[in-house]
Amino acid sequence: MTETTAPRRAARRPAAALAALALALGPPRAAPAQPLQDNAYTIDLFQGPILAPLRVTGIAGAYAAYAEGIAGMVANAAAPAVREPFSVKWLEWDVAASISLPIELFGDNDFDNNDFDNSGDIDLDYSNFVYLTLGAQLQVGDFGLGVNAELQRYSLVDDGGAETTVVTGKYHFLGGARLLGDAVVLGAGARAVTLGLGAEQTNLTIAGISPELGVLVRPDWASYRIGATFRFPVNGGRLLGEGVVTDGNVRRAGGLILPNEVVLPWELELGLAVQVGPRPLNPAWINPREQERELRQAIARRRAEREARRERELAEIADPEERARRARIFALERAREREADERALAAGPDLLEKERRARYWNWPREHLLITAELLVTGAVSNGVSLESFLAQNLPERAGDDSAVGTSGAHVSFSPRFGIETEPIPGRVHTRFGSYYEPNRYGGVGRQHFTFGADIRVLTTTFWGLISEAAYTLQASMDVAPRYESVSAGVGVWH
């Protein structure tokens, strides 16, 4: 499935540019802090406002307990092994992609009130913002593998016209397994981060990787799920590359004092999902190989029963000539039955797959899915936001947002809540959610409200080039004080 999105640009400022990094910052603390004077600080790559696939955004990111599909990999490390209700094959694969581009619906002035990082300042401009996600998933029986990448590129321009290009990447490399049928799904893998900065005579980059673990509890035919995932902190080390100079004991590049390290903080995601209505939330997955083996065993049992019946019948015939005549008739019957059995075995896999597919489409569509989640993000020592790092050359910012220790000094908590339903069964799917964006500076955060919808518009095979599928127009929205984003796309209806 390919999904193309186009969100609204946030604000012309580094805070909005850092939407690609999902840095949720807020008003600076009242307590004074030391400005950047040397390399003894850390860039805190904290994620605040949600940048995610449309379905995840629509329910305010509360997806850890649902955790289905490629989108689930951003919320739960167990997602690659979770069989979706429409999964009917022993070996399944899927790919997904989305691209987000800035659009202006009401002109430049419409974005003046947007403040992605909740800092309250408009100090820089950004342009050329692109948000790209790529994902792939392979499921083989009880096991699954998945890869997902989120790439962001944008340019920051200061008051003097100097431009800095920022390219970031977050990656998930995951594997999982289903246990006890579908009751428990375990997953593990790695989360990696890259950060590249380009300016005049400057080309810097970092990369780091660390483990992540996930679990999903979804008892067969139960109406609830419980999910959790833990991501260890990713330490990217120093920014290295061209343009680094040493002034005394201080490393600089492009006039910026470089950090000792760049850290993506640890994260703990805990979620609960409950579904109300006739549509099942956790239908038991039918293993095609087990179903086909049962078919072969059933045919073998019928064949053995027929042979046992014939042997009893022959044993009861006393006349040798009559017994021989019946034996010849039985031989002809065996030949015909063998041909019929072979045809049944050959056609069996396709017929069984059609039955499994019909089983899914015959379930009632009416449902109300309720999800809740708590995202906990770890602290960072001597933290500075990426915005603050890039804005340290601005005189009016010195000693303020650029102060060491202003970002990530404390653990952050983000409760999330989402609702999903199908008001017009088979045609329209809607979502609503809300989440609290914590202030990474330690102040008061802000509340976000999210919306999403899928509208089924077309069923086609594209002139026989692919299997028949139903397609949807998709949209999602995220609004908060001084922030809003809108995304649109195309998807497959399930």
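**View 1. Arg306 counts as buried, because its relative accessibility is 17%.** Buried here means under 20% relative accessible area, exposed over 50% and partly exposed in between, using a 1.4 Å probe and protein chains only. This is a predicted model, where local features need pLDDT of at least 70, side-chain atom pairs count only at pLDDT 80 or more, and totals for chains, interfaces and linings use all residues. Residues are numbered from 1 along each chain as its sequence is written, and side-chain values use heavy atoms, leaving out hydrogens and water. You'll find Arg306 in helix H3 (residues 288-315); helices (H or I, at least four residues) and strands (E, at least two) are DSSP runs, numbered from the N terminus. Not counting residues up to four places away in sequence, Arg306 touches Glu337 and Asp341, with contact meaning heavy atoms within 4.5 Å. The side chains of Arg306 and Glu337 also share a polar contact of 2.9 Å. That term covers a pair of N or O atoms within 3.5 Å; within protein, one must be able to donate a hydrogen and the other to accept it, and residues adjacent in sequence count only if both atoms are side-chain atoms.

**View 2. Here is an open sheet of 4 strands, ordered E9-E14-E1-E17, with mixed pairing.** Strand E9 (234-235) and strand E17 (383-385) each have a single partner strand, so one side of each has no neighbour in the sheet. Two strands pair if DSSP finds at least two bridges between them. Strands E1 (residues 42-44) and E14 (residues 261-264) run parallel, joined by 3 bridges. Ile43 has Val262 as its bridge partner in E14.

**View 3. Arg482 sits in the loop between strand E21 (469-480) and strand E22 (483-492).** Arg482 counts as partly exposed, because its relative accessibility is 37%.
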